[in-house]
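Please open the structure in your viewer, with the sequence panel alongside, and keep the selection tool at hand. The stops below are meant to be taken in order, each beginning with something to select.

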Amino acid sequence: MRRLSGEEARRIAVRAQLLDARRELSVAEVVDELTLVQVDPTAAIAPSVDLVLWSRLGEEYEHSDLTFALETERSVVEHSSFVRPMDDIGLVLATAPREMHPTAVEWLAANEGFRADVLARLDAEGPLTAAGIPDTCQVPWTSSGWNDDRSVNRLLEMLTRIGDVAIAGREERLRVYDLAERVYPPDLEVPDYEVARVELDRRRFGSLGIARATSKANGEELGAGRLGEAVTVDGVDGEWQVDPDALAALDAPDPMGEPVEGRTALLSPYDRLVYDRARALDLFGFEYVLEMYKPAAKRRWGYFALPILYGDRLVGKLDAKADRKAGLLRVFAVHEDGAWPAETGDAVEAEIDSLATWLGLEVTRT
């Protein structure tokens with residue numbers, strides 16, 4: 001069994017997530033390599049999807065680039081809580097219905113009339129937000145309280161998962177829905193579940209580079225399963241699985257013939273480099289908890305602290321907030337995990353300045 005140094009393991013993880021010195025050319029290429037980018041409405045600094053794309057594409061990235069890819073180019077598509085490559089949507093539609101919670105399946109079956117009403121309205125009127133669709137449910141959706149009285153939203157989410165409707169775009173922050181046949185390619189193929197599951201797992205594993213055989217975060221499977229080559233990592237207990245292509249590329253130069261180096265990046269808390277918190281702790285020695293749901297007095301790092309990557313190390317957290325009315329990026333704290341050498345501090349400060357420039361704000365420290 002091959003043994004990797006900690007540095008080698010981290011380099012594989014960083015490179016797989018496009019966080020080395022390379023810069024991809026387009027939103028579509030980044031999403032294709034990452035396989036998915038999580039959508040979350042929190043915008044203390046910027047929406048998570050924009051932070052992920054900016055950290056890969058740099059200051060040239062604008063949200064309108066994502067809108068173009070989603071609504072005009074149709075190279076990517078929003079499905080459930082993720083932006084995915086349009087080329088993968090057949091795989092997603094082959095797996096998502098089988099993996100719905102039984103309660104959701106039962107509720108959908110009890111609301112066939114409601115489902116028919118929604119599809120007929122979209123067919124007649126074209127793209128609509130949830131607010132434009134009447135609630136004609138036979139059985140209202142009930143939950144612990146978060147989604148009560150939101151039957152239209154829940155139905156649209158389920159119809160998206162099973163492939164009846166699709167997210168055609170957004171009006172401000174509101175999703176716009178349409179019949180799936182008007183959004184997805186006319187030649188869309190939906191394979192058998194087993195075939196699709198294997199391919200999605202293979203693509204996810206390739207985007208991670210290195211993973212435990214089994215690992216979950218918030219119910220999402222992030223493990224390698226039986227894929228890859230078994231290795232051990234110096235200083236870390238147990239076995240890991242590594243993508244063979246990542247092993248082959250470990251010491252490969254970039255196309256210009258120079259070794260590929262790391263860089264400094266500020267990451268979304270939902271970034272897949274850190275989303276598996278146990279993996280981040282094992283490989284990077286990086287402890288992180290998203291604290292926006294904690295009372296302010298109990299937060300260690302901040303409401304929406306951004307993990308800080310320096311080379312192949314996760315070295316700290318940035319506690320900041322975009323105050324757009326005042327035109328300021330308010331930096332409350334830069335939390336160092338251990339004492340930083342001067343070059344690390346300088347690189348992080350430069351990246352904070354780049355973040356502010358991208359946001360069109362000025363940095364202020366409070």
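The tour goes from strands to a helix, then to the core, the aromatic rings and a few loop residues.

Please keep in mind throughout that this is a predicted model.

**Strands E14, E15 and E16**

Begin by selecting residues 313-323, which are strand E14, together with residues 328-336, which are strand E15; these two strands pair in the antiparallel sense over eight bridges. To see one of these pairings in detail, pick Lys317 and look across to E15, where its bridge partner is His335. E14 and E15 form a hairpin with four residues between them, and in the turn you will find Gly327, which has a positive phi of about 75 degrees.

Now add residues 362-365, strand E16, which pairs with E15 in the parallel sense over four bridges. Here the residue to pick is Arg330, whose bridge partner in E16 is Thr364. If you then show helix H12, residues 342-359, the selection of E15, H12 and E16 displays a right-handed β-α-β unit.

**Helix H3 and the largest core**

Which residues of H3 are buried? Select the helix and colour it by accessibility: Ser48, Val49, Asp50, Leu51, Val52, Leu53, Trp54, Ser55, Arg56 and Leu57 are buried, and the helix is mostly covered, with 10 of its 10 residues buried. Just after the helix comes Gly58, whose phi is positive, near 90 degrees.

Next, select Leu51, Leu53, Leu66, Ile210, Leu273, Leu318 and Leu355, which, of the 74 residues in the largest nonpolar core, touch the most other members. H3 gives the most to this core, with six residues. Centre the view on Leu355 and show its surroundings: not counting residues up to four places away in sequence, Leu355 touches Ile45, Leu51, Trp54, Leu266, Leu306, Leu318 and Leu329. A second, separate core of 21 residues can be located by selecting some of its members, including Ala104, Trp107, Leu156 and Leu159.

**Aromatic rings**

A search of the whole structure finds seven aromatic pairs, and two of them are worth a stop. For one of these, select Tyr61 and Trp358, which form a tilted pair, with 6.3 Å centre to centre and 35 degrees between the planes. The pair links distant parts of the chain, as Tyr61 is in the loop between helix H3 and helix H4 while Trp358 is in helix H12, 297 residues apart. Are these rings buried or exposed? Tyr61 is buried, with a relative accessible area of 2%, and Trp358 is buried as well, with a relative accessible area of 16%.

Then move to Tyr288 and Trp301, which form a stacked pair, 6.0 Å centre to centre with 10 degrees between the planes. Tyr288 and Trp301 both lie in the loop between helix H11 and strand E13, so the pair ties together parts that are 13 residues apart in sequence. Both Tyr288 and Trp301 are buried.

Returning to the earlier pair, add Trp54 to the selection, since Trp54, Tyr61 and Trp358 form one aromatic cluster.

Two arginines should also be displayed with their ring partners. Arg154 lies over the face of Trp141, at 4.9 Å from the ring centre, and Arg272 lies over the face of Tyr275, at 3.8 Å from the ring centre.

**Loop residues**

In the loop between H11 and E13, select Lys294, which is partly exposed, with a relative accessible area of 31%. Leaving aside its neighbours within four places in sequence, Lys294 is in contact with Val289 and Arg299. Drawing a distance from Lys294 to Val176 gives 32 Å, C-alpha to C-alpha, for residues that are 118 apart in sequence.

Finally, turn to two residues that have a positive phi although neither is a glycine. Arg74, with a phi of about 60 degrees, is in the loop between H4 and strand E3, and at 25% relative accessibility it counts as partly exposed. Ser80, with a phi of about 55 degrees, is found in the loop between E3 and strand E4; at 11% relative accessibility, Ser80 counts as buried, because the cut-off for that class is under 20%.

Definitions and conventions: Residues are numbered from 1 along each chain as its sequence is written. This is a predicted model: local features need pLDDT of at least 70, side-chain atom pairs count only at pLDDT 80 or more; totals for chains, interfaces and linings use all residues. Side-chain values use heavy atoms; hydrogens and water are left out. Two strands pair if DSSP finds at least two bridges between them. A crossover is right-handed if, with the strands pointing away from the viewer, the path from the first strand over the helix to the second runs clockwise. Rings of Phe, Tyr and Trp (its six-membered ring) pair if their centres lie within 6.5 Å; planes under 30 degrees apart count as stacked, over 60 as edge-to-face and the rest as tilted. Buried means under 20% relative accessible area, exposed over 50%, partly exposed in between (1.4 Å probe, protein chains only). A charge sits over a ring if NZ of Lys or CZ of Arg is within 6 Å of the ring centre and within 35 degrees of the ring normal. A nonpolar core is a set of buried Ala, Val, Leu, Ile, Met, Phe, Trp, Tyr and Cys residues joined through side-chain atoms within 4.5 Å. Contact means heavy atoms within 4.5 Å.
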